[in-house]
Amino acid sequence: MTNAIERERHVRLGRHIKDVVYAANDGIVTTFAVVAATVGGALSPLTILIVGIANLLADGFAMASGDYLGSKSEEDFYAKEEAEEHREVREMPDDERQEIRDILVRKGYEGGDLEDMVRLVTANQTMWVDMMMHDELGMQKPGGDSPLHSGVLTFASFVVAGSIPLLPYVFLGTQAPFGIAIVSTGVALFIVGALRSLFSRRSWLWCGLEMLVIGGSAAVIAYGVGIAGHFFVA
């Protein structure tokens with residue numbers, strides 16, 4: 001029993017870590033891409049800071065609201081289909097009972113065992129509908145935190161991690177060298193990437209390097225766009 005509880009906690013924590021890691025990664029990459037583009041465009045540090053903060057908050061809110069709306073829509077859709085299954089069980093019990101029998105046959109039941117299972121499943125409407133939802137419609141019941149909690153967690157992770165590329169410009173102002181932003185962002189990308197190993201079988205070193213390379217590639221592209229834009233405007 002204790003092991004089952006601990007495993008459930010581990011899975012729940014892993015789900016939280018996954019949401020935090022991916023939101024943090026997006027925050028770091030998108031914000032640094034904006035910083036790299038504005039630096040490449042030879043804009044002032046104040047402009048870099050203003051554009052970076054605006055992007056950080058706007059993208060963070062967009063990602064969080066998308067997370068919230070996606071989770072809420074998934075819950076609403078499941079509830080709608082579940083209510084329809086309850087209606088069919090009440091109004092067409094014989095047809096629905098036959099569908100349960102067909103499902104159990106596919107699972108390998110036959111003879112007396114099959115009829116016993118059909119009787120047990122259909123004796124409990126909740127179990128009956130749950131099996132129909134899973135085996136007939138292929139739907140998993142949404143679980144975990146509420147959509148609002150998930151959205152808030154996504155926003156907080158995005159903003160906290162995404163602020164790292166901007167910190168040199170906050171504390172050093174016009175004297176902030178772009179190199180500090182590069183190093184701090186690279187370290188943050190590696191750490192966030194390494195955290196992915198907590199919910200996968202891959203090594204932390206490989207996960208960290210992979211995210212560093214991918215995030216760094218996005219920054220190089222953005223920096224190149226900024227330089228090209230400055231060249232053509234100039």
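User: Why is Asp135 called partly exposed?

Analyst: The relative accessible area of Asp135 is 25%. Buried means under 20%, exposed means over 50%, and partly exposed is in between (1.4 Å probe, protein chains only). The value of Asp135 falls in between, so this residue is partly exposed. The model is predicted: local features need pLDDT of at least 70 and side-chain atom pairs count only at pLDDT 80 or more, whereas totals for chains, interfaces and linings use all residues. Residues are numbered from 1 along each chain as its sequence is written, and side-chain values use heavy atoms, leaving out hydrogens and water.

User: What makes the pair Lys107 and Asp135 a salt bridge?

Analyst: A salt bridge is a side-chain nitrogen of Lys or Arg within 4 Å of a carboxyl oxygen of Asp or Glu. The side chains of Lys107 and Asp135 meet at 3.1 Å, N to O, so the pair satisfies this definition. The two residues are 28 apart and link distant parts of the chain, with Lys107 in the loop between H3 and H4 and Asp135 in helix H5. Helices are DSSP runs (H or I, at least four residues), numbered from the N terminus, and strands are runs of E of at least two. Lys107 has a relative accessible area of 47% and therefore counts as partly exposed.

User: Why are Asp76 and Lys72 said to be about one helical turn apart?

Analyst: Both residues belong to helix H2 and are four residues apart, which means a separation of about one helical turn. Their closest N and O atoms are 3.2 Å apart, and the pair forms a salt bridge.

User: What does the salt bridge between Glu115 and Arg101 tie together?

Analyst: The closest N and O atoms of Glu115 and Arg101 are 3.1 Å apart. Glu115 lies in helix H4 and Arg101 in helix H3, so the pair ties together parts that are 14 residues apart in sequence. A search of the whole structure finds nine salt bridges.

User: Why does the length of helix H4 agree with expectation?

Analyst: The expected span is 1.5 Å times one less than the number of residues. For the 12 residues of H4 (residues 111–122) this gives 16 Å, and the end C-alpha atoms are 17 Å apart, which agrees.

User: Why are the buried residues of H4 said to line one face?

Analyst: Seen down the axis of H4, the buried residues fall within an arc of 85°, so they line one face of the helix. The arc is that of the directions from the helix axis to the C-beta atoms. The buried residues are Leu114, Val118, Val121 and Thr122. They pack against helix H3 (93–106) and helix H5 (125–136). On the other side of H4, Asp113 and Arg119 are exposed.

User: Why is Asn55 called buried?

Analyst: The relative accessible area of Asn55 is 15%, which is under 20%, so Asn55 is buried. Asn55 lies in helix H2. Contact means heavy atoms within 4.5 Å. Leaving aside its neighbours within four places in sequence, Asn55 is in contact with Thr30, Thr31, Val34 and Gly60.

User: Why does Leu198 count as exposed?

Analyst: Leu198 has 52% relative accessibility, which is over 50%, and is therefore exposed. Leu198 is found in the loop between helix H8 (178–195) and helix H9 (204–233).
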